[in-house]
Every structure is written in C-alpha cells, then in structure tokens.
Amino acid sequence: MSEIRGRASKMTLGIDLGTTNSSVSVYYGGQMQVLKMHGEYSLPSVVRFPDRKLNGVQVGQKAKKYIVLKPNEVFSSVKSQMRNDDWKDIPEIREKYTLEGEQITPTDIATKILSELKSEAQSWESCDGNFERVVICVPANTTSIYKQNVKDAAVAAGFGQTDETTGDLLRDNNGEVLGITLLEEPTAASLAYGVNKGFFNPKTSKEQNILVYDLGGGTFDVTILHIISEEDQAMPSFTPISTKGVAKLGGDDFDWALAEIISKRIFDETGVDILNDSKQLANKSILKFEAENLKIAFSNGLSEVNFVQPLEINGQDQNFDFTISIDEYKKSIDPLIQKTLDCVKEAMDSVKLTIDDINRIVLVGGSSKAPWIREAIKTSYKEPYTAENVDTIVSQGASYYGSLLASMVIDPVKPKLSHHYGVELNDGTFCPLFLKSSEFGDNEVLSATSIFYNPDDSGRVMVAGWATQDNIEIETDEKGKNKSYALVSARNDNGEQIFEWLGEYEIQIPRKAAGQVPIELTLTIDKQNCIHAKAVVEGKPTEADWKRQ
Ligand code: ADP
Ligand code: MG
C-alpha cells in the first residue's frame, strides 16, 4: 500500500476503540461498511510483547490467546487505565508497563491498536489513500484525560490531516489536530440504528428518548439520549441525559461463570481446582477460551453444550467429556443480568423518567446478542430493538457521522452540557451557574458570572465546584439567577452521591463583616467539560481550573 500512503483519502474511518474488541467501518457506496481486520469483523483490543521485548509486538487474536497464560506480556482492557493517571501510582502496574527499561503507557497500547486498525484498513481493496481522517468513539461519561489520551494515540498512530508540502499536521485555532473527531459511543450506535431503522423522521419522532444498553466484553454502560430531529437538519441532535454503568461487568464474566461450572466438574473427577491453582495456568487459559466458545453456542440457540477436551493434569493426559444444560448456565449468570437491569432503573430514576418515557431501547455490544439478555429486558422493561451487528454498530455509526462531517452537510452535533455545574454555598447547598442541556451554539466555551457575598469575617472564602446529572429542582429568582435547595452531600435512593466534586480553592478577602464583600465569580466551561473558575474581589482576580473526571 505504500504507493498511496501519501495521498489524502476522501473517506473517513469510523473506529470503535472497545475495551475488549475494536472495529472499523467506512461509509462507502451508500453503506456503513465494516472492514475486516485480520479476516474478522472486529479485532481483540489486546497487545502482547513476547518475552517483554519491545520489538515483535502482536495485536489482536494472537495476543488474546496469551491473556491468562502470559499475563505479564499481555496488555488487555487498557481503556479503563486511560481514564486517569492512577495506574502510575500502582507499583505493580507501573512495573508491568516498564519494558526493556522503558516506561510505556496505556496510551501507547492504544496507539498500537489504532496503528494495527489503520494498517489493516489500508489493505482494504477500495482504500483510496492514507485514511488520515477518523471518527473515534469514546464512552458517554468518560474523562477529559481519556479523550486527550485517545487523541494523542490517534496522532501517534498516524491519523490527522497534514500539509501536502511540509507533511506537518494541520491544527485548528484551538491547537487541535484536524481530521481526528471524537464521538460518544451511544450516539454513534443510535445514529446507526436510526439510519437503518428510520428512527429519526422529524414528522413522526421529533423528540424522543432512546436508552442504549451496551453490554460488551468487560464493561456495561447504559445511556439515555434525548434526541431532537428537525426537518432542516441532516442529523438530529443527541444529548446524553443520563449515564450509568458497571465498570467490571461484561462478556468476560459470562465466560468465567461457565468456566466455573466446568471447573467444578473437573474438580469432582480429579480433585484439582483449575481456576484457583497457580500451577494450572495453561488449563485455566484453555477453560476460559472454551467457555467463551460454548457461551456463544448457547447464545446461538443450543439447549445443551458438550465440553470435550483433553487436558494435562498432574503430568497426565485426561479426556473430559460432559454436558452442560442451558438451565444450569442461565442460573449462574442470572445475578449478572439482574445487575444490568438494576442499572437501567438507576439511569431512569436519576433523571426521574420511567420506562413509559423511553421511546426505544437499543442493544449494543457483543454480549447483548444473547437471547437471555433480550428476554430479560423485554420482561422487565420493553422489547428492545436489536440488530445483527450489535458488536460493530458503534463503528458503523461513527463512519456515517464521518461521512456527514466530510461532506459538511452538518454542523457537527451541537454539543450541550450533560450536567448542571455550579458552586457550593455556605449552607452546603448547590448554586447552579450552568444548567444541564445548555447549548454551546457557535461558542467554543460557555461563561456565567454571579455575585456572592462573604459568609463571615474570617478574611477568606472557599469556592467549591460541583456538578450533577440529576434532575434537581431549580428555580430562577427575580434577577434571573438560578437557585436550588439541593445539598451537595445528597444521595439517591441507592445511597450513591448525586453530586460530583470538581475542586475547590481558597480566596483571601478583606476582613469585613458577613455580607460586606462582593465576590464576582465567573465559571467558563468548554466542550471537554473543563471548567475555569475566576473570582474577582475588589478588582483582584484569583483563578482555578477544574475538570469533571
Ligand atoms: P467491547 O465493547 O467491550 O470491546 P464487544 O461489544 O465486542 O466488546 O463484546 C465482546 C463480548 O461479546 C465478548 O465477551 C464476547 O464473548 C461476547 N459475544 C460475542 N458474540 C456473542 C454472542 N453471539 N453471544 C453472546 N456473547 C457474545
Ligand atoms: Mg463497546
């Protein structure tokens, strides 16, 4: 492909950089076409450095085989480690990321995955150039650190538009590399569903709430999107109004549940506990691998499956052959399914919606292919919409979005605030400065100013920023100022905090009686949820930057 590397492509790749699997699509011939990676429609998001050497890296299925067997050489599910820098504080993890004396990072692993996806996409027969433009999907409720890491990984993997003569990356006025766009995963998925199933006809569904149930390999996410379709717009506007999830619940747990059943039978025959005996790592690896295959066989409709496998146990080859029924399996995964259903309820409760307010439930993620998931949702809520390709639908939606961006039919989705943002008042209540769903319009940032007064004569005042997605009651006073009586320490029925703490800073003020010192507080917020707070007291400014993690 080297002869076309330098040429700009007319197409934009849509990438689902998943925790477990990644997929790539391109809008081609009027279709959201999924590209094959190593001959499959998705590539395991797994990277292996054999013998912990930096050279000879393996990406995808080859690396996945060694997850259990060679945990020290294999990097999987790194997406969660890209959300913040916490991994640096955990010595074992930092140690694992030190190869041949060099400190690599989770973002470097993502770079390897994106490079592999790019190079595989470029071997597609209709590839017309360098595929420098890309739409990469990110979870709905992720951190700005994660988004920045993804952008960095994309640049390192060779994405981004370049100047034809100098080869330098082109940047916009904010310094962002051109050609790399991030899109929220549930928005991408709903877009693909909507286009395929005609959800977005402004005549029939001008406003709707779509609940996206995304059960992948390692994580579960539920997002409620409020969608408005307008006659004169190529694309509806999507606002995530509620996001909940379970960080460690996905297809892997469904595999381990089956591996557990098999392991118990083997224990009964041999007295060896494969899953918990450190000398049984090779067999544990086989068990996990087989469990995933058998799980998919159940999912495809078998009422019983056979585990037929020779294993070497205590130096002896033994043949195992037993049958597992779907009822036994389903019983073992019931609590996991129930957890996802509870999470759906929490997502609705937190914005005071009921299932009657949800126009559609759409299924996303490989694990939602299973009939037991569809049945559970139908029984507890309503019949969900599903598609053949729930595991590639995110990248397909991203490719469609990319095609709209490229043809400039749209003004990319007008971003709106997903949270109420404000400060804590002295009595512990929340004073909102920005309301959820405020639109950015043509502005790069939103800005709001409010005057507060010193609560006492101590000569200092603490400004603390908070955000919430909850539908708290907000009033407007006669001066148009937002008011709420919600306590920032408030919790929901499940005991979870409703407010997220953004940060705080102390301002020195003149020592005057309470209510005598006006403090002019301005919050500025950008599309990446970065908040800048500035307080001016008697003409003197103090500033702080906050971020919602
Ligand atoms: P992620 O978004 O976490 O990267 P995917 O959406 O690709 O992951 O989902 C991967 C998970 O889907 C794996 O655990 C895999 O075993 C599971 N999976 C794939 N196909 C099926 C199927 N037909 N039935 C049940 N689970 C499936
Ligand atoms: Mg996914």
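Let's start inside a helix: H6 keeps Gly 251, Phe 254, Asp 255, Ala 257, Leu 258, Ala 259, Ile 261, Ile 262, Ser 263 and Ile 266 buried. Bear in mind as you look around that this is a predicted model. Helix H6 runs over residues 251–270, so to speak a stretch of 20 residues, and it reaches 28 Å from its first C-alpha to its last. That is close to the 28 Å expected at 1.5 Å a residue.

Look again at that list of buried residues. In an α-helix there are 3.6 residues a turn, so residues three or four places apart point the same way. Keep that in mind as you trace Phe 254, Ala 257, Leu 258, Ile 261 and Ile 262, which are among the buried residues of H6. What covers the buried residues of H6? The cover includes three strands, E12 (207–215), E15 (304–313) and E16 (316–325). It also includes the helices H7 (281–299), H8 (326–349) and H9 (371–380). Just after H6 ends, you meet Gly 271, which takes a positive phi of about 80°.

Positive phi is a nice thread to follow. Most residues other than glycine have a negative phi. Asp 51 is not a glycine, and yet its phi is positive, about 55°. You'll find Asp 51 in the loop between strand E5 (47–48) and strand E6 (58–59). Is Asp 51 buried or exposed? Its relative accessibility is 56%, and exposed means over 50%, so Asp 51 counts as exposed. Phe 131 also has a positive phi, near 50°, and it too is a residue other than glycine. Phe 131 lies in the loop between H3 and E10. Here the surroundings are another story: Phe 131 has 0% relative accessibility and counts as buried.

Phe 131 leads us on to Leu 13, since the two are in contact. Leu 13 lies in strand E1 (residues 12–17), and at 0% relative accessibility Leu 13 counts as buried. Leaving aside neighbours within four places in sequence, Leu 13 is in contact with Val 24, Ser 25, Val 26, Leu 35, Ala 121, Phe 131, Arg 133, Val 134, Val 135 and Phe 159. How far from Leu 13 is Glu 164, which sits 151 residues away along the chain? Their C-alpha atoms are separated by 20 Å.

Now try another pair with a separation of 151 residues along the chain: Val 364 and Tyr 213. The C-alpha atoms of these two are separated by 6.0 Å. Val 364 lies in strand E17 (residues 360–364) and is buried, with a relative accessible area of 2%. Not counting residues up to four places away in sequence, Val 364 touches Ala 189, Tyr 193, Val 212, Tyr 213, Asp 214, Leu 215, Val 390, Ile 393 and Val 394.

Next, the aromatic rings. The count comes to 15 aromatic pairs. In one of them, Tyr 28 and Trp 124 have ring centres 4.9 Å apart and planes at 80°; edge-to-face means planes over 60 degrees apart, so this pair is edge-to-face. The pair links distant parts of the chain, 96 residues apart: Tyr 28 is in strand E2 (residues 21–28), while Trp 124 is in the loop between helix H3 (106–121) and strand E10 (133–138). Tyr 28 is partly exposed, with a relative accessible area of 35%, whereas Trp 124 counts as buried at 11%.

Phe 199 and Tyr 385 form an edge-to-face pair as well, with 4.8 Å centre to centre and 90° between the planes. Phe 199 lies in the loop between helix H5 (185–197) and E12, and Tyr 385 in the loop between H9 and helix H10 (393–407), so the pair ties together parts that are 186 residues apart in sequence. Phe 199 is buried at 1% relative accessible area, and Tyr 385 counts as partly exposed at 31%. These two rings belong to one aromatic cluster, formed by Tyr 193, Phe 199, Phe 200, Phe 238 and Tyr 385. You've met Tyr 193 already, as one of the residues that Val 364 touches.

Last stop: empty space. How many cavities of 30 Å³ or more does a search of the whole structure find? It finds 1. About 70 Å³ of space lies in the largest cavity. Its lining is made of Leu 17, Gly 18, Thr 19, Ser 45, Val 78, Lys 79, Met 82, Ala 110 and Ile 113, which divide into 5 nonpolar, 3 polar and 1 charged.

Terms used: Residues numbered from 1 in each chain as written. Chains lettered and ligands numbered in written order. Predicted model: local features only at pLDDT ≥ 70, side-chain atom pairs only at ≥ 80, totals over all residues. Heavy atoms only, no water. Helix = DSSP H or I, 4+ residues; strand = E, 2+ residues; numbered from the N terminus. Expected span 1.5 Å × (residues − 1). Buried < 20%, exposed > 50% of the residue type's maximum accessible area, 1.4 Å probe, protein only. Contact = heavy atoms within 4.5 Å. 1 Å grid on protein atoms, 1.4 Å probe; cavity = no way out; pocket = protein on both sides within 12 Å on 5 of 7 lines; lining within 4 Å. Points joined across faces, edges and corners; volume = space filled by probe spheres on them. Nonpolar A, V, L, I, M, F, W, Y, C, P; charged D, E, K, R; others polar. Phe/Tyr/Trp six-rings, centres within 6.5 Å; stacked < 30°, edge-to-face > 60°.
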